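I opened this one to see how the chain is put together and which residues touch which. My notes follow in the order I looked things up.

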Amino acid sequence: MTTPARKAALQWFHDRGEVAWFRLDEKPPSSVMRTRLLRDGLIDARRQGDWKPMLWSLTDKGRRALHGDAT
């Protein structure tokens, strides 16, 4: 089951696609929430190389969870 906070975090990533920066004025998911989503395979963090920011994005599993499908 997806909690309202988890669903909001998944929606945040869905609305933005790949994200490199977390601007506070956009109210991004907390680092704790990002860690949980990453651990559960709902988002992915991809390295671009040295001295470049990570790219965060929703996984297929995250999209299914957002739309209420069983994970």
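Before anything else, a word on terms: when I write that two residues touch, I mean heavy atoms within 4.5 Å. I also keep in mind that this is a predicted model.

**Overall layout**

I started with the elements. The protein chain has 3 helices and 2 strands, and along the sequence they come as α-α-β-β-α.

Next I checked the overall dimensions. The C-alpha atoms fill a box of roughly 35 × 25 × 20 Å along the principal axes. For 71 residues, a compact globule would have a radius of gyration near 11 Å, and the 12 Å of this chain agrees with that.

I looked up burial too: 30% of the 71 residues count as buried. The accessible surface comes to about 5100 Å², and carbon and sulfur atoms hold 51% of it.

For contacts between residues at least 6 apart in sequence, I noted that 44% join residues at least 24 apart.

Then charges. I have 14 positive and 9 negative side chains, with the centres of the two sets 4 Å apart.

**Helix α2**

Which residues of α2 are buried? In this helix, residues 31-39, I found Met 33, Arg 34 and Leu 37 buried. They sit on the same side of α2, because they cover an arc of only 100° around the axis. The spacing fits the textbook picture: an α-helix has 3.6 residues a turn, so residues three or four places apart point the same way.

I turned to the other side of α2 and found Thr 35 and Arg 39 exposed there.

What covers the buried residues of α2? The cover includes α1 (4-16), β1 (43-46) and β2 (55-58).

After α2 comes Gly 41, where I noted a positive phi, near 75°.

**Lys 27 and its phi**

I stopped at Lys 27 in the loop between α1 and α2. Its phi is near 50°, which is positive although the residue is not glycine. In general, most residues other than glycine have a negative phi. As for the surface, is Lys 27 buried or exposed? Lys 27 is exposed, with a relative accessible area of 69%.

**Gly 17 and Ser 57**

Gly 17 lies in the loop between α1 and α2 as well. I have it as partly exposed, at 33% relative accessible area. Leaving out neighbours within four places in sequence, Gly 17 is in contact with Trp 56 and Ser 57.

I followed that contact to Ser 57, which belongs to strand β2. The two residues are 40 apart along the chain, yet their C-alpha atoms are separated by 5.9 Å. Ser 57 has a relative accessibility of 16%, so it counts as buried, given that the cut-off is under 20%. Setting aside residues up to four places away, Ser 57 touches Gly 17, Glu 18, Ile 43 and Asp 44.

**Thr 59**

Thr 59 is in the loop between β2 and α3 (60-66). I expected to check its cover, so I looked up the area: 18% relative accessible area, hence buried. What does Thr 59 touch beyond residues up to four places away in sequence? I listed Gly 41, Leu 42, Ile 43 and Asp 44. Gly 41 is the residue with the positive phi after α2, while Ile 43 and Asp 44 are also touched by Ser 57.

For a distance in the other direction, I took Arg 47. Thr 59 and Arg 47 are 12 residues apart along the chain, and their C-alpha atoms are separated by 15 Å.

**His 14 and Arg 63**

My last stop was His 14 in helix α1. It is partly exposed, with a relative accessible area of 38%. Beyond residues up to four places away in sequence, His 14 touches Leu 58 and Leu 66.

I then took two distances from His 14. To Pro 4, 10 residues apart along the chain, the C-alpha separation is 15 Å. To Arg 63, 49 residues apart, the C-alpha separation is 7.6 Å. Arg 63 itself lies in helix α3, and at 36% relative accessibility I put it down as partly exposed.

Technical notes. Residues numbered from 1 in each chain as written. Predicted model: local features only at pLDDT ≥ 70, side-chain atom pairs only at ≥ 80, totals over all residues. Heavy atoms only, no water. Helix = DSSP H or I, 4+ residues; strand = E, 2+ residues; numbered from the N terminus. Rg over C-alpha atoms; globule rule 2.2 N^0.38 Å. Buried < 20%, exposed > 50% of the residue type's maximum accessible area, 1.4 Å probe, protein only. Areas by Shrake-Rupley, 256 points an atom, 1.4 Å probe, with all protein chains shown as cover. Lys, Arg positive; Asp, Glu negative; His and termini not counted. Charge placed at Lys NZ, Arg CZ, Asp CG, Glu CD. Arc of directions from axis to C-beta.
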